[in-house]
Amino acid sequence: MKVRIVSLLLGALIPFASFAIDSDGPLPTPELQARYDRLTNELRCVVCQNQTVADSNADLAKDLRERTREMLLAGASDPEILEFMTDRYGDFVLYRPPMVGRTVLLWAAPMLLLLIGSASAFLVIRGRSQAENLPEEGEDPFNSHETDRHV
Amino acid sequence: MRYIIPAAVFAVLVGFFWIGLSKDPSEVPSPFIGKPAPAFQLTELKDPEKLVSQADLRGRPTVLNVWATWCVGCRQEHEALMQLASMDIVPIYGLNYRDNREQALQWLARLGDPYVATGYDPDGAAGLDWGVYGAPETFLIDPQGTVVYKHLGPMTLRIWRDEFMPRISSMAGDQG
């Protein structure tokens, strides 16, 4: 019984977890709050680079959250707010940087790696199945033995 | 022969790590290089009656140094700034970032004041417009008010000599 009460109490804390570092409370409308959450999760905290502005309790992140909130309340659009941030902190502040010359490799890398990976997997598997066929083709047994050993 | 591919992959990895690990990930390129200095208007730290603004950073090369009393790197670089101020090459302006006036004044009284003037920015609003994210930061601004260079971290005489002086000399060359 005791365990159940404790876990219930702990469970009751979950809804507050996302507001833990936000001292100013939620925005007036759910729409604004949703945009605020999306924007602050999209922005990188430049001081603590592996955290979003929403997650970080660094002073700078606090400033950026405050500024995002002010701009939302003043009626700024999402692109306007993101532009305000990139004007000051560069593309680096975005977790999803725009696709430009400098970032092509960054965006293409996962595809490239997948291609290289599947091409080498294909070659290795084909090589292996050919090696298995070797003895049946009446090749030198010494050779096939060595192939086995190294695969 | 069969080692060529693994060796090539290894070489590529070494190349990536060589470049990647020799970079300082905390150094974010400033979007202001080559752009006009952001506008600001702050009260002067020592004399709240006076104002400091981007208009002060015009007509000759200037340096804007972002500092605060809570900033360890700023304490480290202070001696270098004092020396640079005494050499009197370019005026050094201060941006006192997210600080407290009393403490900042005490700091200058105790350690010396290398600044021609210091803008007092307690809530970091001007700092945000300058893209400040980690004091100390030092900007070099040309006579036209364009940001030419930004140094992140404590200023040293070596960095001054290697990064700032060549840029300042080329500005003087442009004018002459």
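In this predicted model, B:Cys74 is a good place to start: with 25 other C-beta atoms within 10 Å, B:Cys74 is buried, because 20 or more such atoms are enough for a residue to count as buried. B:Cys74 belongs to helix α2 of chain B. Leaving out residues up to four places away in sequence, B:Cys74 touches B:Trp67, B:Ala68, B:Ala135 and B:Pro136. Ten residues further along the chain comes B:Leu84, and the C-alpha atoms of B:Cys74 and B:Leu84 are separated by 14 Å.

One of those contacts, B:Trp67, leads directly to strand β3 of chain B, which spans residues 62–67. Six of the six residues of β3(B) are buried, so that the strand is mostly covered by the criterion of 20 or more other C-beta atoms within 10 Å. Cover is found on both faces of β3(B). One side carries B:Thr62, B:Leu64 and B:Val66, the other B:Val63, B:Asn65 and B:Trp67, and all of these are buried.

What are the partners of β3(B)? With β6(B), the pairing is antiparallel and extends over five bridges; here B:Val66 stands opposite B:Glu137. With strand β4 of chain B (residues 92–97), β3(B) runs parallel, again joined by five bridges, and B:Val63 faces B:Ile92 across this pair. Between β3(B) and β4(B) the chain passes through helix α2 of chain B (residues 72–87), making a β-α-β crossover that is right-handed. The helix in this crossover is the one that holds B:Cys74.

Strand β6 of chain B (residues 137–141) also pairs with strand β7 of chain B (residues 147–152). These two strands run antiparallel and are joined by five bridges. B:Glu137, which stands opposite B:Val66 in the pairing with β3(B), stands opposite B:Leu152 in β7(B). The hairpin of β6(B) and β7(B) has five residues between the strands, and within this hairpin B:Gly145 takes a positive phi near 85°.

The side chains of this region can next be placed in the nonpolar core. The largest such core has 53 residues, and those with the most contacts inside it are A:Val46, B:Leu64, B:Tyr93, B:Tyr97, B:Ala135 and B:Ile141. B:Ala135, listed here, is also one of the residues touched by B:Cys74. Which residues surround B:Leu64, beyond its neighbours within four places in sequence? B:Leu64 is in contact with B:Leu57, B:Tyr93, B:Leu95, B:Phe139 and B:Ile141. Among these contacts, B:Tyr93 and B:Ile141 are themselves on the list of residues with the most contacts inside the core.

A:Val46 in that list brings chain A into the picture. The secondary structure of chain A comes to six helices and zero strands, following the pattern α-α-α-α-α-α along the sequence. Chain A has 151 residues, of which 14% are buried. Of the contacts in chain A with a separation of 6 or more, 39% are between residues 24 or more positions apart.

Finally, the two chains meet in a contact that takes twelve residues from chain A and twelve residues from chain B. On the side of chain A that touches chain B, α3 (59–73) and α4 (78–89) of chain A each supply at least two residues. The largest share, four residues, comes from α3(A). By character, this side of chain A divides into five nonpolar, two polar and five charged residues.

Key: Residues are numbered from 1 along each chain as its sequence is written. Chains are lettered from A and ligands numbered from 1 in the order in which they are written. This is a predicted model: local features need pLDDT of at least 70, side-chain atom pairs count only at pLDDT 80 or more; totals for chains, interfaces and linings use all residues. Two residues are in contact if their C-beta atoms, placed from the backbone, lie within 7 Å. Ala, Val, Leu, Ile, Met, Phe, Trp, Tyr, Cys and Pro count as nonpolar, Asp, Glu, Lys and Arg as charged, and the others, Gly among them, as polar. Two strands pair if DSSP finds at least two bridges between them. A residue is buried if 20 or more other C-beta atoms lie within 10 Å of its own, exposed if 12 or fewer, and partly exposed in between; C-beta atoms are placed from the backbone. A nonpolar core is a set of buried Ala, Val, Leu, Ile, Met, Phe, Trp, Tyr and Cys residues joined through C-beta atoms within 7 Å. A crossover is right-handed if, with the strands pointing away from the viewer, the path from the first strand over the helix to the second runs clockwise.
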